[in-house]
Protein chains: 2
Amino acid sequence: MDIEDLARRVTAGERRALARAITLIESNRADHRALALQLADRLSGTGNQALRLGLSGTPGVGKSTFIESFGNMLTEQGLRVAVLAVDPSSARSGGSILGDKTRMETLSRNPNAFIRPSPSQSELGGVARRTREVVALCEAAGFDVVLIETVGVGQSETMVAQMSDIFLLLLAPAGGDELQGVKRGIMEIADMILVNKADGALKPVATRTCADYAGALHLLRKRPEDPEGFPKAMTVSAVEGEGLRTAWEEMQTLAAWRRETGHWQARRARQSRHWFEEEVRLGLLARLSGSPEMRARMEALGTRVAEGDLAPAAAAHEMLALLDAAP
Amino acid sequence: MDIEDLARRVTAGERRALARAITLIESNRADHRALALQLADRLSGTGNQALRLGLSGTPGVGKSTFIESFGNMLTEQGLRVAVLAVDPSSARSGGSILGDKTRMETLSRNPNAFIRPSPSQSELGGVARRTREVVALCEAAGFDVVLIETVGVGQSETMVAQMSDIFLLLLAPAGGDELQGVKRGIMEIADMILVNKADGALKPVATRTCADYAGALHLLRKRPEDPEGFPKAMTVSAVEGEGLRTAWEEMQTLAAWRRETGHWQARRARQSRHWFEEEVRLGLLARLSGSPEMRARMEALGTRVAEGDLAPAAAAHEMLALLDAAP
């Protein structure tokens with residue numbers, strides 16, 4: 001594979017080259033891995049910087065419709081948009097029930113948009129790690145906005161926030177007790193809360209929900225990386241395209257403020273450090289399965305544990321001592 | 001601390017001793033850890049075997065009410081019941097919004113019941129690992145039933161299933177499209193689905209929901225560890241106490257069948273092996289933070305990554321080489 005040629009065609013904006021590069025990044029084969037690192041190194045100097053938008057929303061809030069409307073609005077403004085996904089369920093099942101392109105029909109046919117489903121790795125950590133590399137790739141390919149969506153299961157929101165400049169939470173209108181349904185951790189990482197379905201009969205409920213969340217956000221301690229008025233809660237209607245333009249303006253205001261104050265760069269620096277630590281963590285764990293001898297030792301100890309001959313913690317103690325003694 | 005004395009009082013069923021032993025297990029201090037392993041070793045010979053019931057249900061399905069009604073029914077039959085929790089949110093926030101005892105008022109005052117909130121560890125893996133040790137402790141303390149509940153965020157359901165003899169999924173009545181809300185992986189691990197709130201106006205919806213899930217379960221490939229008719233879907237009303245006795249009989253039928261056929265022992269053996277592997281994994285990761293030299297190297301490389309001087313993956317490559325070369 002000619003990495004030099006592939007890199008050139010990716011930066012020239014060739015969709016097929018981009019798709020091929022992503023496939024390379026998502027591969028677990030050792031030779032592909034080496035090529036992927038080479039490609040990343042080759043592309044790191046482009047200096048392109050996209051706005052990386054994280055987007056979380058549980059099934060039913062209208063996430064696909066939102067991405068479709070929002071993405072089309074951005075392309076109408078002449079922007080190029082990439083849509084990626086971090087879907088932990090695909091880690092287990094090997095893919096979403098519905099393909100991402102089926103969910104976003106007009107956007108997927110838009111020449112200025114690029115939609116890529118979640119990589120299927122065996123663990124969420126692997127999914128997120130690969131997606132982060134794809135974000136960097138899309139950035140090198142000259143996209144203006146990279147939108148990374150997640151259903152928000154487990155740690156996936158935190159992981160997506162770790163690769164976003166701005167993190168959005170999409171919610172459906174709801175009343176009373178249901179408000180508590182939002183995981184507490186997410187209020188800490190959301191830069192903007194968008195209450196969708198502010199149309200038709202649900203409009204008043206959406207407005208009230210929005211006010212409730214605005215109130216809740218107000219109670220949180222202000223983060224240094226937030227200008228006055230952020231984190232912000234707004235209503236939108238993805239179906240009617242209502243509020244999307246305003247939401248986009250707010251995102252740009254926030255991004256500009258963070259760039260001016262240095263918080264943008266500081267955030268990216270923190271994120272890079274995080275991903276480095278994550279890479280080391282995953283690399284360490286690979287040790288266990290890498291050597292045939294260690295695999296055999298694990299197997300033998302595991303059998304003794306299964307037979308009730310040894311307690312799990314005691315066996316682990318023994319195995320760790322072996323790993324320490326290994327060359 | 002006199003471990004011998006503590007062990008004796010735990011097996012004698014002293015609640016304060018049990019609470020103290022759990023606090024010891026949940027501690028991260030190295031000396032406490034050593035004592036906890038000593039205690040576990042001392043208690044491993046009791047031969048007591050509780051029925052370990054895993055229970056998952058999202059907020060709103062009436063999980064607390066179910067545990068309260070179900071737990072009180074069991075104690076009325078002369079059984080001793082321990083209720084534990086694996087709550088990933090407590091990993092981040094250091095505790096549930098409402099204390100577990102507030103949620104289960106009558107059960108918490110029941111002398112034959114013992115309720116313990118989720119341990120607050122920094123990661124879900126740590127929460128689950130400690131809870132598993134507490135399950136073994138409660139078993140040694142002579143409880144007949146150990147109920148381990150989880151809200152089912154991320155991998156927590158899988159982890160609870162890994163420490164249960166029988167895994168229950170509690171659902172609320174719902175219609176049509178909402179059925180797809182259940183994570184696909186959970187249908188694979190549920191032994192019984194209980195549709196709660198089969199009372200008043202919701203009763204017909206509950207009955208329909210139950211039939212829908214029974215149909216869905218029927219479509220799944222039969223697992224060797226299931227007798228005819230399992231996994232099973234049933235309706236219950238935690239508020240009215242309806243269906244709880246029947247559900248308990250079904251659990252006992254399933255447990256008896258699995259004991260007779262050897263699946264019970266095989267499942268526990270698999271689980272022990274799993275927890276051993278998990279202990280090794282967590283122990284390996286502790287290496288990174290254990291040595292001051294490695295911490296300093298991580299810090300230095302992390303700074304270069306944050307400054308954009310080095311890519312995360314390249315820095316990780318360097319760090320892993322250092323760890324390999326370390327004595």
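## A tour of two helices and a strand

Start in chain B, where H1(B) passes H2(B) in a left-handed crossing (the near helix is turned anticlockwise from the far one by less than a right angle). This is a predicted model, in which local features need pLDDT of at least 70 and side-chain atom pairs count only at pLDDT 80 or more, while totals for chains, interfaces and linings use all residues. Residues are numbered from 1 along each chain as its sequence is written, chains are lettered from A in the order in which they are written, and side-chain values use heavy atoms, without hydrogens and water.

Select residues 3-11 of chain B for H1(B) and residues 15-26 for H2(B): the two pack at an angle of about 125°, with their axes 8 Å apart. They are therefore oblique to each other (neither under 35 degrees, nor over 145, nor 65 to 115).

Now show the side chains in contact (heavy atoms within 4.5 Å). H1(B) brings B:Ile3, B:Leu6, B:Arg9 and B:Val10, and H2(B) brings B:Ala17, B:Leu18, B:Arg20, B:Ala21 and B:Leu24.

Next, move to chain A and select residues 145-150, strand S4. Is this strand enclosed or not? Six of its six residues are buried, so the rest of the structure largely encloses it (buried means under 20% relative accessible area with a 1.4 Å probe, protein chains only). A:Val145, A:Leu147 and A:Glu149 point one way, and A:Val146, A:Ile148 and A:Thr150 the other.

Finally, add residues 51-56 of chain A, strand S1, which pairs with S4(A) in the parallel sense over six bridges (pairing takes at least two DSSP bridges). Click A:Leu53 to find its bridge partner, A:Leu147.

Conventions
Buried means under 20% relative accessible area, exposed over 50%, partly exposed in between (1.4 Å probe, protein chains only). Helices (H or I, at least four residues) and strands (E, at least two) are DSSP runs, numbered from the N terminus. Axes are lines fitted to C-alpha atoms, for helices over the stretch in contact, and angles run from 0 to 180 degrees between N-to-C directions.
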